[in-house]
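Me: Please take a close look at one part of this model, the metal site together with the ligand beside it, and describe it in one connected account.

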Amino acid sequence: MKNFGQKLLEVLEKAKDNTIYFFKNNILFTTFIVTSLINASLLRFVTVKNFTAVSPILADLAFVLCVGSFGYFFKPKNRIKYYLTWSIILTLACLINSVYYTNYVSFTSFSLLATSLQIVGVSDALQTIMEIKDFCYIWAPITLLFVHFKLKKKGYYTKVRTKGKRKVAVLKSLVATVIVLGFFVSTLTPTDISRLYKQWNREYVVMKFGIYTYQGNDLIASLKPQISPLFGYDAAAKEFREYYEKNNNKSEKNKYSDIFKGKNVIAIHAESMQTFLLDTKINGVEIAPNLKKLASEGMYFSNFYSQESVGTSSDTEFTYSTSLLPASSGTVFVSYWDREYPSIQKFLKEEDYYVFSMHANKGNFWNREVMHKQLGYDHFYYYDKDYKLDDMVGLGLTDKSFFRQSVEKLKKISNDHDKFYGTLIMLTNHTPFEGFADNTDIDLTYKYTRVNEQTKQEETVENNYLKGRNLGNYFTTAHYADEAIGQLVDDLDKEGLLEDTVLVIYGDHDAKIKRGEYDYYYNYDPETDSKRSNTDPEYKEFSKYDYELNRKVPLIIWTKDKDLKKKINKEIKTVTGMYDVLPTLGNMLGINNPYAMGHDVFSTDEHFVVFPNGNWMTDIMYYDNQNGQATVFDNNAVISADYINKWTERAEKEVAVSNDIIVHDLIKKTQESDKVIKGGQK
Ligand code: GP9
Ligand code: MN
């Protein structure tokens, strides 16, 4: 009698034979499956590096088997149209994600399609961020076509007799799908399923579910603004109430409370400005001397992080204004603009401030025209409606011209209003960082003298060094932006606009420059005019964590007032994030947002920043929630599992509650239902 093991082996052997037979007789289908599967694995290899993990392969296989099954509904000669269409779609998914990952270290989202109008504005930038390797996926549809023509030539399609067999073929391949899916599902944990549902931990989802399931799921998640408010409201509202009962956000008095009460505020949204620039010199020339000076005189948050997601500039505007995190899927500015958000703009308006924003780009970019109203701005000055487009570089009007014209408007605003709060959104230091490489005092070349071995004469060598490189170009546009800020402060001063005014300057997010550029910069070898090899004893890798930590942006609060200046002059080295601005600055201005997700930096001992993908940071460590790895800043620190669990739980809670507020419009809806309850109790 055969034992169970033998029987199982036989069954498996038979299944294998059947599968091989099936694939041999279904060449187009097989080609589609294999090429799509290879592309998906290739993408993971290029991005998250888990090339051989079993579960994403099973998930990708189940996905393409399922898609492939329906090809059998078509007659053999027509199937190519079906498979080719899908092959192109799946190839595009790989290609776009490949480009996106290289530049944003994350996977893309369908919700961005909704913002494609905005992206058109940065199409130049897109051209410069694509690399040859991003095209390696297009072999798949080409191979499919090639196989099709070969089969056609051999008369394969006319030989295949399929009448009545097509439905059976669909069924058979669907059964195969279910079997593969079964194996895949058996590898899942509740955490995996919850992360697929929430979708914010994008890398993790791709590593576990493969790229196709990720993208399919993302499509559903991107329809959420329309669909999800219909589901899960009660659970979300319950979690929301519990969260704010526990985390009572009453503003505590501290030594900075009310110090700026009644002052004008000019907030400068410094495009792509990173903190390391304040300490960077190229050939002895400082990149950001003006910011450095303001930082040394004011309150300087030197360990401050932007918490933006796919909505980049707009996410930062949102988080700065509301102290909530960006949406987990889509962007608040484009997809969730019609909800109600308590914001710094609205709080100050209640204090009789005139609240406005200024930006030299088009008003519909990031849906600002609509969303700025929603945030509470009284007026949005933008593009050719309000600015003379007299000096255009990169994405639009130069920062210097923009500021010059804005000062004129500010003069009028200051005359017409008692108090004002304005946001000035910069533009020039935006990818692709072009326009200043030949017109700057930053010398990107590397010059040195050496003795020529043949002539024995001294000669000067000029290496390209940073010239023609993205990071080099970034240095030149950032330097320009810094000059523009210097010019703005001077002009405001000349016009007497600094007397009663507080400046808040923040970098909106990092410049999204690739890690390799930094690796080259920090490991540059003038002898060879190239990057040191990693076997060189002097080579020091610019690691993934170095890169993450280097993404920090400056936050500077500055005032001309001597007494106040003395009071605030300080470097804040503890970790802080964009969502801490409203509670911290708000307390200084005498306003309080009970729904803030961040904290007043001076009223808490728990310094913590969560990123929209669930990664988090304290003063002790950076934790990568995608793969459970971490970097600890202090070698002597002992990190317990409890410590990691505690902060991971808080990180996930903050992301979830913020997102629920956005999706379900919880602040407005729960207030409305509380009113109804109170009304009923009277
Ligand atoms: C465009 C500017 C840039 O108006 O704010 O937006 P970004 O590409 O950085 O999100
Ligand atoms: Mn930006």
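Reply: What follows describes the metal site and then the surroundings of the ligand.

This is a predicted model, in which local features need pLDDT of at least 70 and side-chain atom pairs count only at pLDDT 80 or more, while totals for chains, interfaces and linings use all residues. Residues are numbered from 1 along each chain as its sequence is written, chains are lettered from A and ligands numbered from 1 in the order in which they are written, and side-chain values use heavy atoms, without hydrogens and water.

The manganese ion (ligand 2) is coordinated at 2.0 to 2.6 Å by Glu271 (OE, listed twice), Ser313 (OG), Asp508 (OD) and His509 (NE2), where donors are N, O and S atoms within 2.8 Å of the metal (3.2 Å for Na, K and Ca) and, as water is not among the atoms, sites may look incomplete. The 6 donor atoms subtend angles of 53 to 171°, which makes the arrangement irregular; six donors would count as octahedral if opposite ones were over 155 degrees apart and all others between 65 and 115. Along the sequence, the donor residues follow the spacing E-x41-S-x194-D-H.

Ligand 1 is surrounded by residues including Glu271, Thr312, Ser313, Trp366, Arg368 and His509, counted if a heavy atom lies within 4 Å. An oxygen atom of ligand 1 is 2.4 Å from a side-chain N or O atom of Thr312, and polar side-chain atoms of Glu271 and His509 each lie 3.1 Å from an oxygen atom of ligand 1. The protein covers 95% of the 310 Å² of accessible area (Shrake-Rupley method, 1.4 Å probe) that ligand 1 has on its own.

Key. Tetrahedral: all angles 85-135°; square planar, octahedral: opposite > 155°, others 65-115°. Polar contact = N/O pair within 3.5 Å; in protein donor to acceptor, adjacent residues only side chain to side chain.
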